[in-house]
Amino acid sequence: MRHHIITLLLTATAALAFQSCGKKDQGEETERIFLSEMRSVNKLTLAGMEISKMASIGDPRLRDATNPRQAANAMIAKLKIGDRKAAYSYSTYLRAYIDMSRLGEDDVKADAGNKTIHITLPPVQTEFVGRDIAIREEHYRVTGLRSQIDPQERATLKENMNTALKREVEGNPDFKAALVATAKNRAASYFEQMAASNGYTAIVSFTD
């Protein structure tokens, strides 16, 4: 009888050990699959933002003149009949992304027993991804003897607007903060759904 009881205990212990080993292997396999799929994305773009600015062109002003010719043009403009005013808008674009190639093996940990997976993502990064090719004309009024707005004036205005936009974005952390917050929410939702489709509950965090 005692021999029978010992045999049963040994059998039960072996079964538990096998089950534990099986779940551990299953968790490691899950980690391997998730890591492979996540790294294959390489650069995961999650959010974008368009930032616009408006500026106008009018008569040349004497106070803005940097040479005698500009000063003379400003004085002559004051004597001309009519109106000269144009308004233009211009946009630059910012996006948020995660460099998934930075994901390490310790950043994905699966628990097959509890069906949970902990994912620690690299920090969200932002970058400028382009600007409008041309400025958009919002208003144009040139009457009387006033000269038309020429291409050089528009080109100069465009470069000034682009410089001002980038300076404002770099100087105001709210732009990037809003974009990063949106990107984090989307990343968490994306990987939670990915885990759920594989029968797991994801717990997502970021290294920053």
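How many salt bridges does the count come to by the rule used here? Let's work through that and a few more exercises.

First, some ground rules. This is a predicted model, so local features need pLDDT of at least 70 and side-chain atom pairs count only at pLDDT 80 or more, while totals for chains, interfaces and linings use all residues. Residues are numbered from 1 along each chain as its sequence is written, and side-chain values use heavy atoms, with hydrogens and water left out.

**Exercise 1. Give the salt-bridge count, then place the pair formed by arginine 32 and glutamate 29.**

Step 1: The rule. A salt bridge is a side-chain nitrogen of Lys or Arg within 4 Å of a carboxyl oxygen of Asp or Glu. By that rule, the count comes to 9 salt bridges.

Step 2: The distance. Between arginine 32 and glutamate 29, the closest N and O atoms are 2.6 Å apart.

Step 3: The location. Helices (H or I, at least four residues) and strands (E, at least two) are DSSP runs, numbered from the N terminus. Both residues sit in helix α1 (residues 2-41), and because they are 3 residues apart, about one helical turn separates them.

Step 4: The exposure. Buried means under 20% relative accessible area, exposed means over 50%, and partly exposed is in between (1.4 Å probe, protein chains only). Arginine 32 has 48% relative accessibility, so it counts as partly exposed. Glutamate 29 is partly exposed too, at 35%.

**Exercise 2. Work out which elements are joined by the salt bridges of lysine 53 and arginine 84.**

Step 1: Lysine 53 bridges to glutamate 168, with 2.6 Å between the closest N and O atoms. Lysine 53 belongs to strand β1 (residues 43-57) and glutamate 168 to helix α3 (residues 151-171), so this pair ties together parts that are 115 residues apart in sequence.

Step 2: Check exposure. Lysine 53 is partly exposed at 23% relative accessibility, and glutamate 168 is partly exposed at 36%.

Step 3: Arginine 84 meets glutamate 153 in a salt bridge, 2.7 Å from N to O. Here arginine 84 lies in strand β2 (residues 84-99) and glutamate 153 in helix α3, 69 residues apart, so to speak a link between distant parts of the chain.

Step 4: Check exposure again. Arginine 84 counts as buried, at 8% relative accessibility, whereas glutamate 153 is partly exposed at 23%.

Step 5: For a network of salt bridges, look at Lys43, Arg95 and Glu127, which are linked in one.

**Exercise 3. Find the strand order of the sheet that contains β3, β4 and β7, and say how the strands pair.**

Step 1: Two strands pair if DSSP finds at least two bridges between them. Strands of a sheet pair through backbone hydrogen bonds, either parallel or antiparallel.

Step 2: β3 (residues 108-111) runs antiparallel to β4 (residues 116-121), and 4 bridges join them. Lysine 109 has histidine 118 as its bridge partner in β4, and alanine 110 stands opposite isoleucine 117. The two strands form a hairpin with 4 residues between them, and lysine 115 in the turn has a positive phi of about 55 degrees.

Step 3: β4 pairs with β7 (residues 201-206) in the parallel sense over 6 bridges. Histidine 118 has isoleucine 203 as its partner in β7.

Step 4: Put it together: an open sheet of 3 strands, order β3-β4-β7, with mixed pairing. The edge strands are β3 and β7, since each pairs on one side only.

**Exercise 4. Sort the side chains of β3 by face.**

Step 1: Val108 and Ala110 point to one face and are buried.

Step 2: Lys109 and Asp111 point to the other face and are not buried. That gives an alternating pattern along the strand.

**Exercise 5. Describe helix α4 by its span and its buried residues.**

Step 1: α4 (residues 173-196) has 24 residues. The expected span is 1.5 Å times one less than the number of residues. The helix reaches 34 Å from first C-alpha to last, close to the 34 Å expected.

Step 2: Its buried residues include Leu179, Val180, Phe191 and Met194.
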